[in-house]
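Here is a short briefing on helix packing and on the main pocket of one model. Please keep the structure open while reading.

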Amino acid sequence: MLAPWRRFERRAVVAMMAAMPARIIDGRALAARHKADIAERVRNLGQRGVRVRLDALICGSEDDPAHVYAHNQGKACAGVGIDYRLHTLPAAATFDDIAGRVLLLNTQAEVTGIMVHLPLPAGVDAYAIQRLIAPEKDVEGVNPANIGNVVYGRSSLAPCTGLSVVKMIESTGVAPEGGLRGKYAVVVGASDVVGKPIAVLLMRTDATVISCNKWTPGIKDVMRRADVLVSAAGVPNLVEADCVRPGAIVVDVGVNRVPGADGKTVTVGDVAFEQVSRTLGEDGWISPVPGGVGPMTVTMLLLNVVQAAEMPRT
């Protein structure tokens with residue numbers, strides 16, 4: 001029988017270990033590794049005489065915030081050797097103006113990938129434009145035909161955010177093939193471009209996928225069952241300490257702008273990071289916001305562009 005002071009010492013050690021935070025899924029570091037691989041693949045294509053080019057369409061003046069993202073995207077492309085062409089149309093561009101440019105780019109062999117920056121001018125249906133992008137050039141995975149191909153496992157050009165989530169889960173050591181088989185994967189949020197594609201991609205790993213949202217009855221109990229929990233609801237602090245179990249993998253896709261302690265606006269995810277990290281413990285994994293899914297999503301766009309270039313052309 002242990003002496004009382006020894007029993008106290010053991011309890012203290014156990015308590016300290018339980019309080020150790022989860023391991024971090026570092027989106028920036030993971031993105032850097034993928035970019036190195038993408039750059040190598042672009043060089044290999046160049047040696048075969050294949051140029052890799054992304055054409056992006058944007059509406060509005062240079063003062064619009066969307067242009068900042070577009071120009072940063074151009075820098076990211078340059079960093080891995082992808083040629084980037086930004087097509088700027090006026091803020092008053094019509095459906096026919098935008099559709100005509102997309103259809104023209106579809107026909108140009110030198111164009112590897114096409115994407116359309118949102119928002120589009122008032123009255124222009126983004127869905128109607130996205131469905132015009134040729135599936136083999138749809139590097140954002142937004143064409144409904146491509147989303148259907150992802151469901152059937154016939155396309156590698158998956159929506160970038162969903163693809164980034166899967167890559168981040170795999171980076172924890174879960175094997176791409178069979179590693180999630182039979183595991184519970186809970187996806188909170190069911191938007192057409194984020195939540196639903198994430199759920200579909202996880203289904204392809206043979207995980208048992210539960211898709212829910214902030215209105216799901218007993219959602220905390222549902223989340224607590226998860227081996228893998230992905231939150232893409234856009235609700236700050238939706239996932240708290242009592243929503244997870246020790247050892248789980250938590251990927252935070254939420255991007256929310258809220259007032260900080262100093263009154264300035266800060267970016268946070270859906271997950272109460274510090275308290276959830278402690279509950280997950282040292283056997284768990286968690287992605288931060290910022291620095292998690294965001295950098296990986298941009299990189300997955302680049303990956304889709306190079307994969308489009310590697311596809312056999314008929």
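Is the crossing of α2 and α11 left-handed or right-handed? It is left-handed (the near helix is turned anticlockwise from the far one by less than a right angle; clockwise would be right-handed). The model is predicted: local features need pLDDT of at least 70, side-chain atom pairs count only at pLDDT 80 or more, and totals for chains, interfaces and linings use all residues. Residues are numbered from 1 along each chain as its sequence is written, and side-chain values use heavy atoms, without hydrogens and water.

**α2 with α11**
- Helix α2 (residues 27-47) packs on α11 at about 20 degrees, with the axes 9 Å apart (lines fitted to C-alpha atoms over the stretch in contact; angles run from 0 to 180 degrees between N-to-C directions).
- The two helices are therefore roughly parallel (under 35 degrees; over 145 is roughly antiparallel, 65 to 115 roughly perpendicular, the rest oblique).
- Contact means heavy atoms within 4.5 Å.
- On the α2 side the contact includes L30, H34, I38 and L45; on the α11 side it includes M296, L303 and V306.
- By class, this contact has twelve nonpolar, four polar and four charged residues.
- Ala, Val, Leu, Ile, Met, Phe, Trp, Tyr, Cys and Pro count as nonpolar, Asp, Glu, Lys and Arg as charged, and the others, Gly among them, as polar.

**α3 with α11**
- The axes of α3 and α11 come within 11 Å and cross at roughly 55 degrees.
- α3 and α11 are therefore oblique to each other.
- Their crossing is right-handed.
- Y69, Q73, A76, C77 and V80 of α3 meet V298, L301 and L302 of α11.
- Seven of these residues are nonpolar, one is polar and none is charged.

**α7 with α8**
- The axes of α7 and α8 come within 8 Å, crossing at roughly 45 degrees.
- This crossing is right-handed.
- G162, L163, V165, V166 and I169 of α7 touch I198, L201 and L202 of α8.
- The contact holds seven nonpolar residues, one polar and no charged.

**Largest pocket**
- The largest pocket holds about 630 Å³ (a pocket is an open set of points on a 1 Å grid where a 1.4 Å probe fits, with protein on both sides within 12 Å along at least five of seven lines; the volume is the space filled by probe spheres set on the points).
- It is lined by 24 residues (an atom within 4 Å of a point), and L118, Q130, E140, V142 and V193 are the closest to its centre.
- α11 gives the most to the lining, with three residues.
- The lining has 16 nonpolar, five polar and three charged residues.

Key: Helix = DSSP H or I, 4+ residues; strand = E, 2+ residues; numbered from the N terminus.
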